[in-house]
Each structure stands twice: as structure tokens, then as C-alpha cells.
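Could you walk me through this structure, starting with its pockets and then moving on to the strands and the odd spots in the backbone? I'd like it in plain, informal language.

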Amino acid sequence: MNGRRRGWVNEAWWVIDDASELRSSPRGITRFGERLVLFRDADGVVSALPARCPHRGADLSRGRVVDGTIACPYHGFRFDREGRCVETPCEGPRAIPPHLRARPLVVREAFGLVWLWRGDPSRVPEIPWFDALPRDTARSASAQMTWRSSLARTLEAMLDIHHLPIAHRAVGAGVTGTRLDPYEARVEDGVIRTAGVLRPDDAPRGSTVGTRIAIDVRFPSQIHLVLSPSTPAFVACTPIDETHTWILTRYWVEAPVIGRVLAWLALRFELGLVQPDDQRLAEDAEPSTPSLETMCAVRADAGIALWHRLADAAEKAAQPRSTEPGATPRT
């Protein structure tokens, strides 16, 4: 891994799409710098392959789904969920060469999302979820957006609590104070747990006046956000490439009948009046891919610092072990 791909860890589940977007037609997306095609097989199971057709490189996402396989738009070659070519129209009944196949990707559908496993396909763990979040999409609303910022810079924005009354003063003036007190950040079982109270500057220590905010991040990129106990939120951030990040945001409102409508209204407020400020600030910040060495962190940045320490550890673990002088390399 290099610094520009900070946080692109393997051996992890990543959210790559909203499952509701995948219907009868193939869907093309770009994640981790690679064009992918998503489609449902004959049983409705989510499948994914590299979008580049192994025959002559056409984009399979421009094709169509035929009997649960993806048919290339250029020559009609069809590939199943395992990447095997099952039909070559130009060759008729001739045997299909075994090397004519695509690389299958490990994807699953869970919690209304499409997940990609970046790791050893022989060791695929269960998909993680936050216990405090609903496991279905009832009474929820979701939206997707793309930021022109690296994954690291995007995650910094998502973990930042003390910017809220400053960067969003147009909508939050008078709602919260600027002093973050108390504030705590820790790591538990791979989850960065942060919580703090934004208080008025003149509030005495120990005062109950203020706005409590909790943000948990399952490293590297799945977020449980609590701005209000009645409106939990989930955010997933996944690299499109080194300079663009795909973001999915989902709100729930646990109210009978109108819960989904209220969730949609809360999401519209977030995406229309709050997120544009965060997006502009993340996209303009330098350097585009930050690290602990590029910042002068303060106490209120403790959660962000923990994310970078986990990223440092992941990058160190991914580096090949050096061989001691005179030792025989293992083969």
C-alpha cells in the first residue's frame, strides 16, 4: 500500500452499493480503481465480475442479464457468477477454452447493501453490523454521493465532531456550543468509539447543557452515527479511486407509518444543508491524502488519530517481511 491508497485494507468487508439499485439489469460501478459489473443470477443472488470482458475488453455492464448470466454487449459471450464463459455465439457448439473466464469477486447482499470481501476467498467471515442499528431497511431512507477526496480525507470528515458549530454555523448557529467537553475516543474490537458533548463556551464543567454526539467507525470505513437517539444513521465510505470516494448514507426513524418519510426528510436536510460544507472542505484540504505526520492534532482529534494509527498498522502488516542478511528466503 502507498500513502495515496491509505486505508484501502484487505481482509475486510466493504460496502460497494445499495442493493435496491440492483434489479434486472446489470449495474456498472467503479471501486478501488477497478470497473465492476454487478448483476443477479437466476436465483436472484448478487454477483460481481470485473467489467472488462476477458474476450476483447468490452464493458460488460453495458450488456444484459440472460438466464442469470451476464452477456457481453459486443459479441454476446456469456459469463456466469463464477466467471465461467458458458456461451460463445460465434463458435457455435465448439468447446469453450477454459482460459476464457473472468475473475469472480466475493460479494454478498446483507442489510439492504452489497458487500465486497477484499481478502482470501477461502476465509470469508460473517458480514459485520452495528448492534444498535436496525437490520432491515423499513422506516429508512438512503442516498449516495461522490466526493472528490481520498478515503482518508473523507473518513477524517466523518469522524470530526468539533467542526460542527464552526463549519455548519449557517444551520447550527445557537444549536450547539463550540467547546467539546467531555470527549473520549477508544478502540474496541476494531471499532473506533467516540463520543462527546458540544457545550456553550461559558457552560461550567460538569454542566448537562450541550449536544451529545456519538460516532463509531468499524475500521476502515463503516460508520454508526448518533446525532439524535430517535434517528440513527449508517454511513459507508468506499474508494472509487485514489482521489474519489463513494459514500452511502442511511437514516432510520423509528416511527410507525411515517418513519420512512421522516427519515427521508432528515436525510434531505443532511445532504442539502450539511454535507456540501463537509464535501468542499474535504476536497480542498491539503495534502489530499493525510497522515498523522501532516497534521498538528489536538485532543478533539483523538478519534481521527486512532483511525490513522489503525491505517498505519494495516500498511505495516501489508508490507512484505524483509529477509535478514545471510538468511535463506522461504519458498
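In this predicted model, the helix to look at first is α4, which gives the most to the lining of the largest pocket, with six residues. Helix α4 spans 259-284 and has plenty of company: α1 (151-159), α2 (164-167), α3 (169-172), β14 (211-218), β15 (222-228), β16 (231-241) and β17 (244-252) also supply at least two residues each. The lining takes in 30 residues, and if you want to centre your view, pick Leu164, Leu227, Phe269, Glu270 and Val274, which lie nearest the middle of the pocket. The volume comes out at about 670 Å³. As for chemistry, the lining divides into 18 nonpolar, nine polar and three charged residues.

Now for the runner-up. The second largest pocket has a volume of about 340 Å³. It is lined by 18 residues, and Arg153, Glu156, Ala157, Asp160 and Ile304 are the closest to its centre. Helices α1 and α4 turn up here too, each supplying at least two residues of the lining. By class, this lining holds nine nonpolar, three polar and six charged residues.

Strand β16, one of the contributors to the largest pocket, is also where you'll find Thr231. Is Thr231 buried or exposed? Its relative accessible area is 16%, and the cut-off for buried is under 20%, so Thr231 counts as buried. Leaving aside residues up to four places away in sequence, Thr231 touches Leu225, Tyr251, Trp252, Val253 and Ala266.

Staying with strands, go to β13, residues 191-199. Eight of its nine residues are buried, so the strand is largely enclosed by the rest of the structure. Follow its pairings and you can see some of what surrounds it. Strand β12 (residues 179-188) runs antiparallel to β13, and eight bridges join the two. Val187 has Ile192 in β13 as its bridge partner. The hairpin that β12 and β13 make has two residues between the strands, and there Asp189 takes a positive phi near 50 degrees. On to the next pairing: β13 and β14 also run antiparallel, joined by eight bridges. Ile192 shows up again in this pairing, standing opposite Val217 in β14. Worth keeping in mind while you look at the side chains: in a regular strand they alternate between the two faces of the sheet.

There is also an open sheet of three strands to look at, ordered β1-β10-β9 with antiparallel pairing. Why do β1 and β9 each have a side without a neighbour in this sheet? β1 (12-18) and β9 (107-110) stand at the edges with a single partner strand each, so one side of each is left open in that sense. On average, neighbouring strands of the sheet are turned by 35 degrees against each other, direction ignored. β1 pairs with β10 (residues 113-118) over six bridges, in the antiparallel sense. One bridge there matches two tryptophans: Trp13 has Trp117 in β10 as its partner.

Finally, the backbone geometry. Most residues other than glycine have a negative phi, and most peptide bonds are trans. With that in mind, here are some spots to check. Just before a strand, in the segment leading up to β1, sits Glu11. Glu11 is not a glycine, yet it has a positive phi of about 55 degrees. With 44% relative accessibility, Glu11 counts as partly exposed. Phe32 has a positive phi of about 55 degrees as well, and again it is not a glycine. You'll find Phe32 in the loop between β2 (27-31) and β3 (34-40). Its relative accessibility is 11%, so Phe32 counts as buried.

Then come the cis peptide bonds. The bond from Phe219 to Pro220 is cis, with omega near 10 degrees, and Pro220 belongs to the loop between β14 and β15. The bond from Glu286 to Pro287 is cis too, with omega near -5 degrees. Pro287 sits in the loop that runs between α4 and α5 (302-318). That brings us back to α4, the helix that gives the most to the lining of the largest pocket.

How values were computed
Residues are numbered from 1 along each chain as its sequence is written. This is a predicted model: local features need pLDDT of at least 70, side-chain atom pairs count only at pLDDT 80 or more; totals for chains, interfaces and linings use all residues. Side-chain values use heavy atoms; hydrogens and water are left out. On a 1 Å grid over the protein atoms alone, a cavity is a set of points where a 1.4 Å probe fits but cannot get out, and a pocket is an open set with protein on both sides within 12 Å along at least five of seven lines; lining residues have an atom within 4 Å of a point. Grid points are joined across faces, edges and corners, and a volume is the space filled by probe spheres set on the points. Helices (H or I, at least four residues) and strands (E, at least two) are DSSP runs, numbered from the N terminus. Ala, Val, Leu, Ile, Met, Phe, Trp, Tyr, Cys and Pro count as nonpolar, Asp, Glu, Lys and Arg as charged, and the others, Gly among them, as polar. Buried means under 20% relative accessible area, exposed over 50%, partly exposed in between (1.4 Å probe, protein chains only). Contact means heavy atoms within 4.5 Å. Two strands pair if DSSP finds at least two bridges between them. Axes are lines fitted to C-alpha atoms, for helices over the stretch in contact, and angles run from 0 to 180 degrees between N-to-C directions.
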